[in-house]
Amino acid sequence: MGERNLDAEARLAAYDAFATGVRDELAATIARMDELAAAGKVKTATYRQLFAARVTLKEVDVRLRERGL
């Protein structure tokens with residue numbers, strides 16, 4: 001990926017888009033986990049992968065929120 005020189009406004013827009021993407025993915029991950037849990041599939045590999053993804057996405061979200069994004 002090439003280097004991009006963005007002005008402050010463009011950088012903020014990029015961070016906002018990133019934050020939105022993280023939060024959308026987190027919501028989708030939680031929804032899928034809820035579906036699997038309702039079906040009694042909490043011991044599946046898929047559920048465990050989603051669990052790990054949820055932990056990571058939550059941590060990213062916390063860091064974004066700490067920085068006002």
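Here are legends for several close-up views of a predicted model.

**View 1. Helix α1 from end to end.** This view follows α1, which runs over residues 8-38. The helix has 31 residues, and its first and last C-alpha atoms are 45 Å apart, close to the 45 Å expected at 1.5 Å a residue. Look along α1 for its buried residues: Ala19, Val22, Leu26, Thr29, Met33 and Leu36. What do the buried residues of α1 pack against? Their partner is α2, the helix that covers residues 45-66. After α1 comes Gly40, with a positive phi near 70°.

**View 2. The largest nonpolar core.** Here we zoom in on Ala19, Val22, Leu26, Leu57 and Leu64, the 5 residues of the largest nonpolar core. Two elements, α1 and α2, each give two or more residues to this core. Which of the elements gives the most? That would be α1, with 3 residues. As a bit of background, nonpolar side chains in soluble globular proteins tend to be buried together.

**View 3. Leu57 and its contacts.** Staying with the core, this close-up picks out Leu57, one of the core residues, which sits in helix α2. Leu57 counts as buried because its relative accessibility is 10%, and the cut-off for buried is under 20%. Which residues does Leu57 touch, once neighbours within four places in sequence are set aside? Val22, Glu25, Leu26 and Thr29 are in contact with Leu57. Two of these contacts, Val22 and Leu26, also belong to the core. For a sense of how the chain comes back on itself here, take Leu57 and Thr29: they are 28 residues apart in sequence, yet their C-alpha atoms are 9.1 Å apart in space.

**View 4. Leu36 and the residues around it.** Leu36 has its place in helix α1. Is Leu36 buried or exposed? Its relative accessible area is 6%, so Leu36 is buried. Leaving out neighbours within four places in sequence, the contacts of Leu36 are Lys41, Val42, Thr46, Tyr47 and Leu50. Pick out Thr46 from that set: it lies 10 residues from Leu36 along the chain, and the two C-alpha atoms are separated by 8.7 Å.

**View 5. Asp61, buried and charged.** Helix α2 holds Asp61, which counts as buried because its relative accessibility is 10%. Beyond its neighbours within four places in sequence, Asp61 is in contact with Val22 and Arg23. Val22 is itself among the buried residues of α1. Asp61 also forms a salt bridge with Arg65, where the closest N and O atoms are 3.0 Å apart. Both of these residues lie in α2, with their positions 4 residues apart, about one turn of the helix. How does Arg65 compare in accessibility? At 52%, Arg65 counts as exposed, whereas Asp61 is buried. Zoom out a little and you can trace a network of salt bridges that links Arg23, Asp61 and Arg65.

**View 6. Salt bridges along the helices.** How many salt bridges does the structure hold? There are 5, and this view shows two of them, one in each helix. In α1, Arg32 pairs with Glu35, and the closest N and O atoms are 3.2 Å apart. These two are 3 residues apart, about one turn of the helix. Arg32 is partly exposed, with a relative accessible area of 37%, and Glu35 is also partly exposed, at 48%. Over in α2, Glu59 pairs with Arg63, the closest N and O atoms being 2.9 Å apart. Here the residues are 4 apart, again about one turn of the helix. Glu59 is partly exposed, with a relative accessible area of 40%, and Arg63 counts as partly exposed at 48%.

**View 7. A nonpolar patch on the surface.** To finish, we go to the outside of the model, where Leu12, Tyr15 and Phe18 make a nonpolar surface patch of about 300 Å². Tyr15 lies in helix α1. Why does Tyr15 count as partly exposed? The reason is its relative accessibility of 41%, which falls between the 20% limit for buried and the 50% limit for exposed.

How values were computed. Residues numbered from 1 in each chain as written. Predicted model: local features only at pLDDT ≥ 70, side-chain atom pairs only at ≥ 80, totals over all residues. Heavy atoms only, no water. Patch = residues over 30% accessible without salt bridge, like charges linked within 9 Å, V, L, I, M, F, W, Y side chains within 5 Å. Areas by Shrake-Rupley, 256 points an atom, 1.4 Å probe, with all protein chains shown as cover. Salt bridge = Lys/Arg side-chain N within 4 Å of Asp/Glu carboxyl O. Buried < 20%, exposed > 50% of the residue type's maximum accessible area, 1.4 Å probe, protein only. Contact = heavy atoms within 4.5 Å. Expected span 1.5 Å × (residues − 1). Core = buried A, V, L, I, M, F, W, Y, C linked by side-chain atoms within 4.5 Å.
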